[in-house]
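Please open the model in your viewer and keep the selection panel at hand. The tour below moves from one selection to the next and says what is there.

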2 protein chains.
Amino acid sequence: MRIGILGTGTVGQTFGTRLRNLDHEVVLGARESGNPRAVEWAEAHAARCGTFAEAVADADLVINATAGQYAVDALEMAGGNPALAGKVVLDLSNPLDFSSGDLRLSVCNTDSVGEQIQRAFPDARIVKSLNTVNGSVMVEPSLVPGQHTIFVAGNDPEAKQVVIGLLGELGWVRANVLDLGGIEASRGMEMYMPLWVSILRALDGNLAFNINVVQG
Amino acid sequence: MRIGILGTGTVGQTFGTRLRNLDHEVVLGARESGNPRAVEWAEAHAARCGTFAEAVADADLVINATAGQYAVDALEMAGGNPALAGKVVLDLSNPLDFSSGDLRLSVCNTDSVGEQIQRAFPDARIVKSLNTVNGSVMVEPSLVPGQHTIFVAGNDPEAKQVVIGLLGELGWVRANVLDLGGIEASRGMEMYMPLWVSILRALDGNLAFNINVVQG
């Protein structure tokens, strides 16, 4: 697949590297063309880089790896609803705001980033997934031993199947993928973040963790 | 132990019945003396019932099983800080508000019920636990097979040990108890509720589920 990644941070680069290793074409998109991090990464991984719009232009799949509070802006800069129409957009983001010193979510309870971007770009097919684990675990679930769960949410069943296929390529076992329904389930997936951070602290900063849903 | 339970709903009664089966003395506390649900339960389980204040008066351990948005009020009616001073208060509650049709939390992101009641009653020793599972699982963790995690949070280490001891009596394996630190971790434990509700729907309403924290 041709995959456009928005965001040149750790998650964007980790994802891009893994997708290159799986032989996908990758365009790493930045706010501005010529972003040094993106150029360096692209050269090292036989990939391309460019603006958000260039990353989206020919993409079969778009991955939002920007910070949640900037996701609508980034997708708007990428060309907005006309550019995204019909495209599957995998949203990895969380609305984390540490500016107060403590974790705050910049949106929660009555809305979420997943819902915001689906509303802003109604013809895009938004799928929320992977935001409940660290970037390293997203692309290498075997870093966490045994069974553990990854959630997906989105309004378009076909788009979810595309993402579930990609999850399989990354190493996620199909039985551990839990479909939570429509994009409104993003709310719970994002609001899990404060518990995620508390668990991370209780595990002395070990990022290689996840939760497994177990039922009787 | 003498245990005072505030709240005569399903969680309060389920907990009371289980504690009676473990041979603890139980006083089920209601907003008003003579609450018919409480009287009926007490007669059936060789226990006592009374007002919130009567439930707290001689208790070695207080359990808050009221709805989260009424927890401060209920503990105030129970006698407030003087009555609660030094007492271990296990807070099971969640600030669930379904009045809009959808789930909303009545407090979240910058505060939580656990923190509210610790602030309101500074000499009480508040411990948050068990709010992340259904009442039936709280008192019978074997309803969910295999390993699964229960969280505790609170500022007083001794009080947490009292609660961890009670968790053991209920059947929670010590290795599955994860201490998240101070009472501020209540925030994440309560904000997990929207994800909990989404998981419940994805499991077709099977309440006998929980999450297991797995690390690499």
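Two strands are said to pair if DSSP finds at least two bridges between them, where strands (E, at least two residues) and helices (H or I, at least four) are DSSP runs numbered from the N terminus. This is a predicted model, in which local features need pLDDT of at least 70 and side-chain atom pairs count only at pLDDT 80 or more, while totals for chains, interfaces and linings use all residues. Residues are numbered from 1 along each chain as its sequence is written, and chains are lettered from A and ligands numbered from 1 in the order in which they are written.

Select strand 11 (residues 209-215) in both chains: the strand 11 copies of chain A and chain B pair in the antiparallel sense over seven bridges, and within this pairing the bridge partner of A:N212 is B:N212.

Next, widen the selection to the interface, where 38 residues of chain B are in contact (C-beta atoms, placed from the backbone, within 7 Å) with 38 residues of chain A. On the side of chain B that touches chain A, the elements giving two or more residues include helix 9 (186-191), helix 10 (193-202) and strand 11 (209-215) of chain B.

Now show both chains whole: chain B can be laid on chain A by a turn of 180° and a shift of 0.0 Å along the axis, with an RMSD of 0.0 Å (least squares on the C-alpha atoms of residues with pLDDT of at least 70 in both). That is the relation of a two-fold axis.

Finally, select chain A alone, which has ten helices and eleven strands, and whose C-alpha atoms fill a box of roughly 45 × 40 × 35 Å, taken along the principal axes.

Terms used: Two residues are in contact if their C-beta atoms, placed from the backbone, lie within 7 Å.
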